[in-house]
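Q: Here's a structure I'd like to get to know through one spot in its strands. Pick a residue there, look at it closely, and then walk me outward from it in one go.

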Amino acid sequence: MTRLKFAGAIGGVLSLLAGLAGILESGAADVFLEATRPDFQKISLGVVGIQNGGGPDWLGGRLEEVLKKDVKRSLVFDLIDLPSIGIKARDIGNGTANGSKAVFKQAAENGVSVLVWGKAGTKDGEKDGDINMEGFVYDSGSDEIVGGKRYAGSPSVARLMAHRFADELVFRYTGEPGIARTKIAYVSAQGSSRELFVMDYDGYDARQLTADGFLNLMPRWSPDRRFLVFTAYRDRNTQDIDMIELATGKRWTLVSYGGLNITPALSPDGNFLAFASSHEGNSEVYRLDTRTKAIMRLTVNPSGDLSPTWSPTGREIAFVSDRGGGPQLFLMSSDGSNVRRLTFEGDYNAAPAWSPRGNWIAYVCRTPRKEYKLCVITPDGQKRVQLTTGSGVDDSPSWSPDGRHLVFSSLVDGKSHIFMVDADGKNPERLTFEGTHNSAPSWSPAS
């Protein structure tokens, strides 16, 4: 196998260079960030409840639980404990204002800006029939019920109904898509192989995409959420960059040079694929035009270059190079010009991920204590913050499409799992629990 000069690079590269038997890509629980939160005043919101109007006994309670967690994770709303101010589900009547004015007034007097409630059931109360869910929104600012949504489907999509309602709330009050229906692609060990999986953003409903029996690594989404690009090991000496269509499982090869072909990343418009390849000697960054299939070499340096990540505009690329000694982050224009070094603090910085808002680049940094943690840096290099602490090896950061969260993997006591954390380092949440190796997460664009 061709080796890069800085063997041991995390961000998926440590996995490649440590040998095919032991892929290391990391999960941690203790997370801390000192970065300043965005100047955004959260909207106080209370979920009165989802009443069960027939059907499975679990229905109303599960929908309510999912909705509350979605609302809280959105970071748009401040979720209020309504029972603590005396408001209960039975106080709201059937999605109308009739008999509910007193409740609305009580909520407003306690500083609750938005009340949400709903009801769910099946036709004629059948236990296994299709589900109907209705959700309602009261806004104390306008003193009226401002919205109502109705969803229908099989019991298997009950969680999706709650996710859709949560996203409707985010869109109503921000004009931006919510993240409750986004997905996370990741790598999971299946025996001695590494296969691609996709799960809901909250860790539920995981499904396997590949079953090659060898190694599939470093998945990244297409802008339209239809495809994943990834590195596929055909054998111990051949690594291709493949694309798979999630809906059909159809798969084809995009890059198949000799040597390493790794760390693929599609541009924001989907027209270009940046990747690293060693087919001309050492690892360099290349750009494939997905329409014409023309390939352009972007870096020309005797050192190893890899792990490209696109800016939200598509005009710049951040990447990793050891041209200064150890691995550091560099920036360049998308045509390979205007190369300049970004990180100077620490002797190891790798696996960059550009935030969708363009204001931060997350990456793996090595601390003075030789711990691998997550850091963020502004694209001008003026501000740098270490995000995570603790005993685990943290790796593979990926941003949520709203820029308010990161997902990453962490290796603790020999087991790697996926975690989510707010972009200010608060509220760490473990997403995977099965198996011993779940790594390399990639957060999808919003739907």
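**Starting from Val 320**

A: Val 320 is buried, at a relative accessible area of just 1% (buried is under 20%, exposed over 50%, partly exposed in between, using a 1.4 Å probe and protein chains only). Before going on: this is a predicted model, where local features need pLDDT of at least 70 and side-chain atom pairs count only at pLDDT 80 or more, while totals for chains, interfaces and linings use all residues. Numbering runs from 1 along each chain as its sequence is written, and side-chain values use heavy atoms, with hydrogens and water left out.

Val 320 sits in strand S18, residues 316–321 (strands are DSSP runs of E, at least two residues, and helices are runs of H or I, at least four, numbered from the N terminus). Take Val 285 as a reference point: Val 320 is 35 residues from it in sequence, yet their C-alpha atoms are 9.5 Å apart in space.

Now for a sheet. S13, S14, S15 and S16 make an open one, in that order, with antiparallel pairing (a pair needs at least two DSSP bridges between the strands). S13 (261–266) and S16 (295–297) are the edge strands with a single partner each, so one side of each has no neighbour in the sheet. From one strand to the next the twist averages 25° (axes are lines fitted to C-alpha atoms, with angles from 0 to 180 degrees between N-to-C directions). S15, residues 284–289, pairs with S16 over 3 bridges, and Tyr 286 has Arg 297 in S16 as its bridge partner.

Next, the sulfurs. The whole structure has 1 disulfide (two cysteine sulfur atoms within 2.5 Å): Cys 365 to Cys 375, at 2.1 Å S to S. The link is right-handed, with 70° about the S-S bond. Cys 365 is in S22 (361–366) and Cys 375 in S23 (372–377), so the bond ties together parts 10 residues apart in sequence. Cys 365 is buried at 1% relative accessible area, and Cys 375 is buried at 0%.

Finally, the core. The largest nonpolar core has 48 residues, and Val 198, Leu 209, Leu 228, Ile 361, Val 376 and Trp 399 touch the most other members (a core is buried Ala, Val, Leu, Ile, Met, Phe, Trp, Tyr and Cys joined through side-chain atoms within 4.5 Å). Beyond four places in sequence, the contacts of Val 376 include Trp 360, Tyr 363, Leu 387 and Trp 399 (contact being heavy atoms within 4.5 Å). A separate core holds 37 residues, Val 76 and Ala 162 among them.
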